[in-house]
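Trainee: Could we go through this model together? I would like to understand the reasons behind the labels.

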Amino acid sequence: LEFRRVLFRSYFNDRMELSILGQHIGVYTKLQSQEVVQAFLTNNTPQSFNISHKGIKENSGFAIGILTTTNNKKYRVYILVRNTNEKSLIHQLRIR
């Protein structure tokens with residue numbers, strides 16, 4: 001799972017909109033976003049992530065899914081991805 005965390009962070013845009021459990025709401029730099037998400041994942045170790053809905057429109061796409069942690073908590077996750085310079089980057093991440 002650690003490899004997946006590192007890989008996931010490599011797709012963060014330089015500026016990213018975050019909302020994590022109603023906290024950390026706003027636009028963050030890539031480094032700040034990585035720190036906030038890493039703190040969440042450290043306290044909520046992922047066990048699985050299942051996409052329940054996804055879509056694509058022009059240069060963007062989204063996925064909505066359920067993140068299940070090792071302590072059996074479930075979080076709804078929304079990810080917005082946009083293609084920038086032929087690379088798909090995460091522009092928005094919400095965890096509820």
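Mentor: Happily, and please keep in mind that the model is predicted. Where would you like to start?

Trainee: With β4 and β5: how many residues lie between them in the hairpin, and which residue in the turn has a positive phi?

Mentor: Four residues lie between β4 and β5 in that hairpin, and Asn 72 in the turn has a positive phi of about 70°.

Trainee: What makes β4 and β5 count as paired strands?

Mentor: Pairing needs at least two bridges found by DSSP. β4 and β5 are joined by nine bridges and run antiparallel, so they count as paired. One example is Ile 66, whose bridge partner in β5 is Arg 76.

Trainee: How do you know that β5 also pairs with β6, and in which sense?

Mentor: The same cut-off of at least two bridges applies. Strand β5 (residues 74-84) and β6 have eight bridges in the antiparallel sense, so this is a pair as well. Leu 80 has Gln 92 of β6 as its bridge partner, and Asn 83 stands opposite Ser 88 in β6.

Trainee: What does the hairpin of β5 and β6 have between its strands?

Mentor: There are two residues between these strands, and in this hairpin Asn 85 takes a positive phi near 50°.

Trainee: Why is β1 called a partner of β6, and is the sense parallel or antiparallel?

Mentor: Strand β1 (residues 12-20) and strand β6 (residues 87-95) share five bridges in the parallel sense. Since at least two are needed, they pair. Look at Gln 92 in β6: this residue is the bridge partner of Glu 17 and also of Leu 80.

Trainee: Now to Glu 58: why is this residue called exposed?

Mentor: Exposed means over 50% relative accessible area. Glu 58 has 73% relative accessibility, so it counts as exposed. Glu 58 is found in the loop between β3 (46-57) and β4 (60-69), and its phi is near 50°, a positive value in a residue other than glycine.

Trainee: And what makes His 24 partly exposed?

Mentor: Partly exposed covers the range between under 20% and over 50%. His 24 has a relative accessible area of 38%, so it is partly exposed. His 24 lies in strand β2 (residues 23-29), and this residue, which is not glycine, has a positive phi near 50°.

How values were computed. Residues are numbered from 1 along each chain as its sequence is written. This is a predicted model: local features need pLDDT of at least 70, side-chain atom pairs count only at pLDDT 80 or more; totals for chains, interfaces and linings use all residues. Side-chain values use heavy atoms; hydrogens and water are left out. Buried means under 20% relative accessible area, exposed over 50%, partly exposed in between (1.4 Å probe, protein chains only).
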